[in-house]
Amino acid sequence: MSKLEDDYWNASDTKPFNFEEESLNDFSTKNEEKSVSDNFTEGLHRSFIPINSILTQQCLNKILDDEPTEIGVDIKPKVPISQTIKKLILGEPYTLDTYRSSQNKIDLLDAAISSGDGNAILAIVLFLVKTLKKSLAYKVLSTKPAAVEHYVNYLSVRLNTSELTDILTMTGHSANVGIKLFKIIVDNTSHSESTNTLLRKLQTLYSNHYRSGISDEKDSELLKSYIALLEWQLSVQKYANMSGVLGQPLNKCLSICCQHYWGEPEEHLHSPMKLTKAQNVSERQLHWIFLDVKSANESWEEILKMFIKNNWFGNKKVLGTSLNVENIIVKLGERQAPPYILENFLSLMEDSERSLSLATRYKCHRYIIEFYVSQKDRASLLNYKSKITPQSEDYFFLEKVLCSTVTKWKT
């Protein structure tokens, strides 16, 4: 190699490749990169700050509950509340999406309630329930009875018993849960379903909602009585004339018993007296059902025997029931009872003017004739004679009275 070439290599900044030096440099570079990465990761960890150091717990709760806070801006809806409610009432297109804060939603509900429109109230209630936390929505509804009423009716129609139970419980009406569910079960058990199915549903309801003692005591007794009635219906259907009792209300069951088994001993299952006692039916109610059934069947003598008794001395007829005697007469008159049946009850009325009016309405001629005779009013008898069919039994009776010399007439 020439001297010139030696000088070039000795003087040049260019260095020949050295495997050992490159390896050391590479290791150094990697260490530097790792140091930078570690520092960045450590910085990231240090950048996460607990949210409680920025917001108070109260503000955080309000944000989570969708309530306007002091730290935020409450965005006012573009459409006035009154205008939205008006559109709801008129059935025009509307939107509720612009009402985002809970206060806007409460104002919407108040405006709907003030309008008195059920559809508007329900629409806003459904909007609140959908867009607010359940606990907050129920808290708002608990102070709005009208809104709760519409929502409960809505849930009842849709058989949403779970939500219905929640809303009644959380708004302080837990005592009403059972009776609402009772009504839903009875109203929505189809006729094609057996009495056994209905009985099983009600027994389950009683176990779940009434044995705990939360529900109203009167409602509990009502449900127990209805369950007992269904059990009785299933037991007596084997008897003749009793197959029609299944699924019937209490008064219809009593009517069937009175019609076919009146007078049966109380220990007999199909006796009306046994059913009356089991269902706590008052004597007054039983007597009215008896009157209705027997008058429809024209069993007039049974009615007299049932309701007209002798007094203790046996010399005077008295009313043997707590029913109002005028109501009995009107019922018998509507069923076209014979005049002699009506006259037995007319004679028991204390108001003579009223009894005379009823006798005239139902053409109880003999009673009217005897009334004028008791008043010694010959003039009224002569006037009344024109209202009686000539040659009838009552006509001859009136002629005989007028010809009598025993009565001393005043007119």
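Let me start with the aromatic pairs, of which the count comes to six in this model, and I should say at once that the model is a predicted one. One of these pairs is W262 with F290, where the ring centres lie 4.6 Å apart and the planes stand at 45°, so the pair is classed as tilted. As to where the two partners sit, W262 belongs to the loop between α13 (250–261) and α14 (272–278), while F290 belongs to helix α15 (residues 283–296), so the pair ties together parts that are 28 residues apart in sequence. The two residues can also be described by their accessibility: W262, with a relative accessibility of 28%, counts as partly exposed, whereas F290, at 1%, counts as buried. Another of the pairs joins F371 to Y372, and here the centres are 5.8 Å apart with the planes at 65°, which is over the 60 degrees that the class requires, so this pair is edge-to-face. Both F371 and Y372 are buried. Before I leave the aromatics, let me add that W262 and F290 form one aromatic cluster together with F307.

F290 lies in α15, and that helix brings me to the helix packing. The axes of α15 and helix α17 (residues 325–334) come within 10 Å of each other and cross at roughly 25°, and that angle makes α15 roughly parallel to α17. The crossing of these two helices is right-handed. On the α15 side, the residues in contact are W288, L291, D292 and S295, and they meet N327, I328, K331 and L332 on the α17 side. Sorted by class, the residues of this contact divide into four nonpolar, two polar and two charged.

Now to another helix pair, further towards the start of the chain numbering, with α5 spanning residues 102–115 and α6 spanning residues 118–131. Their axes come within 8 Å and cross at roughly 160°, and because angles over 145 degrees fall in that class, α5 and α6 are roughly antiparallel to each other. The crossing of α5 and α6 is left-handed. From α5, the residues K105, L108, L109, A112, I113 and S115 take part, and from α6 they are met by A120, I121, I124, V125, F127, L128 and T131. Which classes make up this contact of α5 with α6? There are 10 nonpolar residues, two polar ones and one charged one.

To set the two packings side by side, then, α5 and α6 are roughly antiparallel with a left-handed crossing, whereas α15 and α17 are roughly parallel with a right-handed crossing.

Technical notes: Residues are numbered from 1 along each chain as its sequence is written. This is a predicted model: local features need pLDDT of at least 70, side-chain atom pairs count only at pLDDT 80 or more; totals for chains, interfaces and linings use all residues. Side-chain values use heavy atoms; hydrogens and water are left out. Axes are lines fitted to C-alpha atoms, for helices over the stretch in contact, and angles run from 0 to 180 degrees between N-to-C directions. Helices (H or I, at least four residues) and strands (E, at least two) are DSSP runs, numbered from the N terminus. Angles under 35 degrees count as roughly parallel, over 145 as roughly antiparallel, 65 to 115 as roughly perpendicular and the rest as oblique. A crossing is left-handed if the near helix is turned anticlockwise from the far one by less than a right angle, and right-handed if clockwise. Contact means heavy atoms within 4.5 Å. Ala, Val, Leu, Ile, Met, Phe, Trp, Tyr, Cys and Pro count as nonpolar, Asp, Glu, Lys and Arg as charged, and the others, Gly among them, as polar. Rings of Phe, Tyr and Trp (its six-membered ring) pair if their centres lie within 6.5 Å; planes under 30 degrees apart count as stacked, over 60 as edge-to-face and the rest as tilted. Buried means under 20% relative accessible area, exposed over 50%, partly exposed in between (1.4 Å probe, protein chains only).
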